[in-house]
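Me: Please take a close look at one part of this structure, the contact between the chains. I should like a single connected account of how the two sides meet.

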Number of protein chains: 2
Amino acid sequence: MKFLKTISVEEFRNILNSIQKIVTDEEIVSLGDCFNRIISRDINANINVPHFRKSRMDGYAAIAEDTFGAEEDNLIELELIDTIQAGDISQTKLNRGQCFYVATGAPIPENSNGVVMVEFTDRQSNKIVISKAVTPGTYIIEIGHDVKEGDLIIKKDTLSDLATIGILASCGIKEVHVYKKPVVSLISTGNELVSQDIKELKIGKIYDINSVVLKKAIENTGVLVNFLGVVKDHYEDLKYIINKALDNSDIVILSGGTSKGEGDLGPRVLEDFTDIEIYVHGVKIKPGKPIIFVKMKKKILFILPGYPTSALSCFYVFIDNFLRKMSGFPLREKFSKEMEVGERIYSTVGRHEFKAIKIQENEGEKKIFSIKTGSEAISTMFYADGYIEIDELESIIERGDKRRVYFF
Amino acid sequence: MKFLKTISVEEFRNILNSIQKIVTDEEIVSLGDCFNRIISRDINANINVPHFRKSRMDGYAAIAEDTFGAEEDNLIELELIDTIQAGDISQTKLNRGQCFYVATGAPIPENSNGVVMVEFTDRQSNKIVISKAVTPGTYIIEIGHDVKEGDLIIKKDTLSDLATIGILASCGIKEVHVYKKPVVSLISTGNELVSQDIKELKIGKIYDINSVVLKKAIENTGVLVNFLGVVKDHYEDLKYIINKALDNSDIVILSGGTSKGEGDLGPRVLEDFTDIEIYVHGVKIKPGKPIIFVKMKKKILFILPGYPTSALSCFYVFIDNFLRKMSGFPLREKFSKEMEVGERIYSTVGRHEFKAIKIQENEGEKKIFSIKTGSEAISTMFYADGYIEIDELESIIERGDKRRVYFF
């Protein structure tokens with residue numbers, strides 16, 4: 001077992017990057033439900049699109065050779081024998097010297113090889129007078145022009161977007177094999193936490209926020225979240241629920257239970273597992289130290305701080321894109337911008353700090369300001385526009401310094 | 001009635017911008033379902049957060065005055081009389097000369113006014129030796145520090161994000177009043193269209209793509225989509241379904257039925273309505289001319305081109321952000337970048353063209369290339385990375401010219 005205590009941000013990022021994508025089973029979903037899912041098999045076209053020759057224009061389908069020589073001063077006359085609207089078919093046969101009216105998208109008669117645009121014709125009852133010759137193939141969309149039967153149209157492991165759905169729909173494909181979403185079990189721990197179902201809060205108790213906020217943040221990464229409830233700080237209870245979560249999910253995320261107090265149960269429970277590959281106890285960051293990370297068999301477990309603001313910060317900094325990699329979702333673009341610091345900001349030496357900040361107008365310019373409420377306050381999350389990173393060895397950032405802001 | 005024929009892109013954008021946000025009714029949703037919804041009422045805090053005084057640290061809660069004078073060379077001794085973990089309460093009363101152990105988050109005894117960090121203490125059985133004095137208030141989180149009962153915490157018309165959900169969860173609020181999503185009815189028209197449920201495609205028929213692709217694109221703007229099916233090009237049928245859609249939804253989007261052929265029914269049906277405020281028949285753009293736009297009573301109706309690639313282009317250029325404005329969703333950021341054109345590109349004079357393009361490496365640089373398949377091909381959508389705008393009066397963009405690419 002690789003047992004690592006308080007490692008740097010860089011080391012932790014390297015460990016996360018080294019974890020391979022989880023390979024989940026397949027499931028079949030309807031075309032309408034496959035948006036943003038990962039296709040699990042190569043898909044070949046089962047039909048030609050279009051599967052019949054059709055007109056690209058409103059005009060007259062004819063035998064191109066019959067129009068040869070037609071010019072404004074050498075009009076050629078064809079006999080109009082049928083009209084085909086889009087969606088219709090004609091039972092009539094086209095012979096030399098004849099033509100069909102065809103609407104855009106209508107099927108072209110079998111032996112027609114050119115369409116004369118309406119603009120270059122004049123209709124006199126059942127006679128069509130043509131003032132421009134067409135070469136063979138003009139304004140005809142041939143069979144398979146768009147998609148050819150048998151062609152590979154969607155590659156395995158593609159993230160299904162609107163274009164993917166469009167091309168499958170054009171082939172009449174109704175159901176698609178996709179990878180199942182990785183399952184993340186979420187557990188809130190702490191004797192002080194109660195669910196929103198409790199109406200009267202007793203002294204000492206607080207509402208659990210992570211079961212709502214962290215759950216939604218995790219869901220937004222394309223995984224399936226299984227919330228296992230609020231668990232008390234009790235060794236046997238916690239061990240039982242962690243075991244159950246490891247059995248039933250790919251990834252387990254606990255919040256709470258990492259502080260150094262007497263109730264610090266999460267790490268104690270984990271250290272009793274025997275099949276751990278990597279164990280990271282604590283990443284040198286603020287807020288949120290220590291993050292616990294465990295890899296065992298093919299399962300991954302994180303313990304995040306209990307304070308919702310700290311939990312969410314840690315989530316965004318490390319776990320968001322990790323889960324997106326696992327699910328195959330597009331990574332979250334890190335919108336960042338260098339800005340001036342509007343007031344002196346303090347940090348703790350010895351920890352790489354991700355400090356929630358707000359942007360405020362100051363002397364006509366948008367600048368970085370700290371948020372006075374601490375990481376224990378849910379309102380910190382509310383006021384924060386983003387965060388800045390403060391190096392392990394920095395204790396003060398002076399007003400006027402420049403910092404890169406990562407926006408939420 | 002304001003009846004406008006083939007207007008410019010600029011004029012059309014101005015009309016769309018002049019439309020006021022739709023005001024929908026309210027509905028109540030659970031906290032877990034209110035992400036990305038628009039809150040419809042001011043929300044005041046129903047409790048203080050926290051609603052009891054609690055410790056910010058693991059340490060000893062005492063009467064601050066008892067610690068005055070404590071230094072490393074002037075140790076002060078207090079009697080430990082109880083231990084309070086987070087979530088617990090103590091029945092014991094704190095007297096002068098005494099202290100309680102309190103974990104982070106645990107309630108502070110009533111007459112305690114300071115917490116001494118564990119780091120500055122030494123425990124000798126039930127004696128706690130203190131080497132640092134604390135001032136009143138130290139490491140105590142007071143009642144309402146985070147949220148004060150009665151305070152306005154969420155303003156009406158706020159788009160609910162994770163922080164909104166967090167602050168509501170901290171107050172134990174389980175249900176939220178939100179505006180109902182605007183309802184968009186979607187109708188595909190065309191005799192040639194069949195649903196994906198049909199297994200064998202007859203000659204002349206093609207699968208309807210807009211009911212799947214356009215539906216998903218519309219859903220992504222935060223509205224509710226009601227797909228009314230594929231409707232044949234038949235005056236009475238179309239009039240019936242448009243009437244029904246106008247009655248049951250805020251916005252109606254038809255695809256197809258705008259070409260100039262004999263089957264051009266949509267505009268004919270619309271012109272028979274008597275209560276039209278603004279009627280725009282055709283915006284000078286390619287692909288997709290004409291877009292039909294109608295405002296009647298409080299309802300809005302668009303007719304988009306039938307070709308899925310054209311329909312989706314028109315949707316992204318005009319309708320996407322219009323619907324987001326209606327639903328209160330964040331507008332789609334237009335990611336754009338100026339790039340070099342890698343080959344000569346042609347356009348039609350007299351129409352403002354939104355041309356789908358792909359980005360390819362050429363002479364070691366990423367450049368703009370046109371897509372050879374036309375707007376009738378679903379594969380055009382598949383290959384496109386974005387679009388460029390080509391002015392009404394331009395017919396050729398030369399290789400080496402610079403253009404702004406708007407990415408999908």
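**Helix packing between the chains**

Reply: In this predicted model, helix 3 of chain A and helix 4 of chain B are roughly antiparallel to each other, because an angle over 145 degrees counts as such and their axes cross at roughly 160°. The axes of these two helices come within 8 Å, and the crossing of helix 3 of chain A and helix 4 of chain B is right-handed.

The residues that meet are as follows. Helix 3 of chain A brings Leu162(A), Ile165(A), Gly166(A) and Ala169(A), while helix 4 of chain B brings Val212(B), Val213(B), Lys216(B) and Ala217(B). Sorted by class, this helix pair's contact comprises six nonpolar residues, one polar and one charged.

The helix pair belongs to a contact that takes 62 residues from chain A and 62 residues from chain B. On the side of chain A that touches chain B, at least two residues each come from helix 3 (162-170), strand 16 (206-207), helix 4 (210-219), helix 7 (308-327) and helix 8 (378-383) of chain A. Helix 3 of chain A gives the most, with seven residues. That side of chain A has 32 nonpolar, 19 polar and 11 charged residues.

As to the wider setting, the domain assignment divides chain A into domain 1 (2-24 + 181-327), domain 2 (26-49 + 145-179), domain 3 (54-141) and domain 4 (336-407). Between domain 1 and domain 2 of chain A, the C-alpha centres lie 36 Å apart.

Note on methods: Residues are numbered from 1 along each chain as its sequence is written. Chains are lettered from A and ligands numbered from 1 in the order in which they are written. This is a predicted model: local features need pLDDT of at least 70, side-chain atom pairs count only at pLDDT 80 or more; totals for chains, interfaces and linings use all residues. Two residues are in contact if their C-beta atoms, placed from the backbone, lie within 7 Å. Helices (H or I, at least four residues) and strands (E, at least two) are DSSP runs, numbered from the N terminus. Ala, Val, Leu, Ile, Met, Phe, Trp, Tyr, Cys and Pro count as nonpolar, Asp, Glu, Lys and Arg as charged, and the others, Gly among them, as polar. Axes are lines fitted to C-alpha atoms, for helices over the stretch in contact, and angles run from 0 to 180 degrees between N-to-C directions. Angles under 35 degrees count as roughly parallel, over 145 as roughly antiparallel, 65 to 115 as roughly perpendicular and the rest as oblique. A crossing is left-handed if the near helix is turned anticlockwise from the far one by less than a right angle, and right-handed if clockwise. Domain bounds come from an automatic or database domain assignment.
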